[in-house]
Amino acid sequence: MARTHAHTHGKSHSIRPTSKNAPSWTIGSQEIIKSIVDFGKDGMSASEIGLRLRDEFAVPLVKPIIGKTITQILEENDIKRAMPEDLEKLVRKALGLQKHLNVHNSDKRNVRSLELIESKIHRLSRYYKRVGKVSKDWKYASVIAKLE
């Protein structure tokens, strides 16, 4: 898949497991669900939980084993974030760039970078409003991001 604001496809990516079947060495599904809920209560995001399961418990993918994604399991157990993870990460990235630009206001490259990040935020928020994961009146503004 091509990058949003670049004309390249990129080479760097993680390699997913080749088989969609559950491997024989993984732990049981109830134990996986219990650990997902525990990690979610500790405040970890879905991607952090997936990395931890992969590294510590040798679970390559959760969906083939359980039949649900990590986000679905967290929502079933009433562990839900106010904002989707990817949108939240983009807002935090924009906030960090704004702090940088307050100190280094002549950094033209990062001004452009902030514009590109904010356009990604607007595009993603439009999608999440349409799907219903973010309220219809949610709006990103750089002033609001500074306050958060």
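Let's start on helix α6, where L114, I117, E118, I121, L124, S125 and Y128 are buried. Keep in mind that this is a predicted model. How far apart are the end C-alpha atoms of α6? They sit 35 Å apart, and since the 24 residues of this helix (108-131) should span 34 Å at 1.5 Å a residue, the two values agree. Just past the end of α6 comes G132, with a positive phi of about 105°.

Now move to the nonpolar cores. The largest has 16 residues, and I32, I36, I49, L53, V62 and I70 make the most contacts inside it. Four helices each give two or more residues to this core: α1 (29-41), α2 (46-57), α3 (63-66) and α4 (70-76). Of these, α1 supplies the largest share, with 4 residues. For a closer look, pick I36: setting aside neighbours within four places in sequence, I36 touches I49, L53, V62, I70, I73 and L74. There's also a second, separate core of 15 residues, and Y128 from our opening helix turns up there, along with L87, W138 and Y140. As background, nonpolar side chains in soluble globular proteins tend to be buried together.

One last stop is E88, which lies in helix α5 (residues 85-103). Is E88 buried or exposed? It counts as buried because its relative accessibility is 16%, and the cut-off for buried is under 20%. As for its surroundings, once neighbours within four places in sequence are left out, E88 is in contact with R81 and M83.

Methods. Residues are numbered from 1 along each chain as its sequence is written. This is a predicted model: local features need pLDDT of at least 70, side-chain atom pairs count only at pLDDT 80 or more; totals for chains, interfaces and linings use all residues. Side-chain values use heavy atoms; hydrogens and water are left out. A nonpolar core is a set of buried Ala, Val, Leu, Ile, Met, Phe, Trp, Tyr and Cys residues joined through side-chain atoms within 4.5 Å. Buried means under 20% relative accessible area, exposed over 50%, partly exposed in between (1.4 Å probe, protein chains only). Contact means heavy atoms within 4.5 Å. The expected span of a helix is 1.5 Å times one less than its number of residues.
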